[in-house]
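Please look at the structure below with me. The questions that follow ask why certain labels are used, and each answer sets a value against its definition.

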Amino acid sequence: MKNFVVKTIANAGALAVAVWLLDKITLTGDSTGKKVGTLIGVALIFGLVNFLVKPIVQLLSLPFVILTLGLFVLVVNALMLLLTSWLAGKLHLSFHVEGFWTAVLGGLIISIVSWALHVVLPDADDKD
């Protein structure tokens, strides 16, 4: 359970950085608390999309990944971010990604920041 919480917080932080850096990824709210709650909700959706949908899409797109020497993974990440944005809209969360190229750049930013946060944050699976 601790690992799940750490990963959710890392995803929320990575999403916050993407919102901060890119004008076309928007997060609106009346207060800071509401924005943090929305970020946590979107991070949960993003985690579920990456856990349930992404492996299937990666498997189906494997020939393209091989053909492009892995660059097609950026497209897959962008599609997962767009799906997260769409689901957030359906759940009335104020998070929106405008356009495919914004999603590509946002996915890249989220991947880099998430990786960095996972390096810094403790992992519950590590046993000394």
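A residue is called exposed when its relative accessible area is over 50%, buried when that area is under 20%, and partly exposed in between. The model examined here is a predicted one.

Q: Why is Gly 33 called exposed?
A: The relative accessible area of Gly 33 is 54%, and the label requires a value over 50%, so Gly 33 counts as exposed. Gly 33 lies in helix H2, and its C-alpha atom is separated by 19 Å from that of Val 6, which is 27 residues apart from it along the chain.

Q: What makes Thr 8 buried or exposed?
A: Thr 8, a residue of helix H1, has a relative accessible area of 9%, and since buried means under 20%, Thr 8 is buried. Leaving aside neighbours within four places in sequence, Thr 8 is in contact with Ile 40, Ala 43 and Leu 44.

Q: How do you know that a polar atom of the Thr 8 side chain and the backbone oxygen of Phe 4 lie within the distance limit for a polar contact?
A: The two atoms lie 2.8 Å apart, and the limit for such a pair is 3.5 Å.

Q: Why is the pair formed by the rings of Phe 100 and Trp 101 called edge-to-face?
A: The ring centres of Phe 100 and Trp 101 are 5.1 Å apart, where a pair needs centres within 6.5 Å. Their planes stand at 75 degrees, and because an angle over 60 counts as edge-to-face, that is the name this pair receives. The structure holds 2 aromatic pairs.

Q: What makes Phe 100 partly exposed, and why is Trp 101 called exposed?
A: Phe 100 has a relative accessibility of 31%, which falls between the limits of 20% and 50%, so Phe 100 counts as partly exposed. Trp 101 has a relative accessible area of 66%, and because the exposed label begins over 50%, Trp 101 is exposed.

Q: Why is Leu 69 called exposed, and where is it found?
A: With a relative accessible area of 78%, set against the requirement of over 50%, Leu 69 is exposed. Leu 69 is found in the loop between helix H4 and H5, and its phi is near 55 degrees, a positive value in a residue other than glycine.

Q: How do you know that His 92 is exposed?
A: The relative accessible area of His 92 is 74%, and the label asks for over 50%, so His 92 is exposed. His 92 is found in the loop between H5 and S2, and has a positive phi of about 60 degrees although it is not a glycine.

Notes
Residues are numbered from 1 along each chain as its sequence is written. This is a predicted model: local features need pLDDT of at least 70, side-chain atom pairs count only at pLDDT 80 or more; totals for chains, interfaces and linings use all residues. Side-chain values use heavy atoms; hydrogens and water are left out. Rings of Phe, Tyr and Trp (its six-membered ring) pair if their centres lie within 6.5 Å; planes under 30 degrees apart count as stacked, over 60 as edge-to-face and the rest as tilted. Buried means under 20% relative accessible area, exposed over 50%, partly exposed in between (1.4 Å probe, protein chains only). Helices (H or I, at least four residues) and strands (E, at least two) are DSSP runs, numbered from the N terminus. A polar contact is a pair of N or O atoms within 3.5 Å; within protein, one must be able to donate a hydrogen and the other to accept it, and residues adjacent in sequence count only if both atoms are side-chain atoms. Contact means heavy atoms within 4.5 Å.
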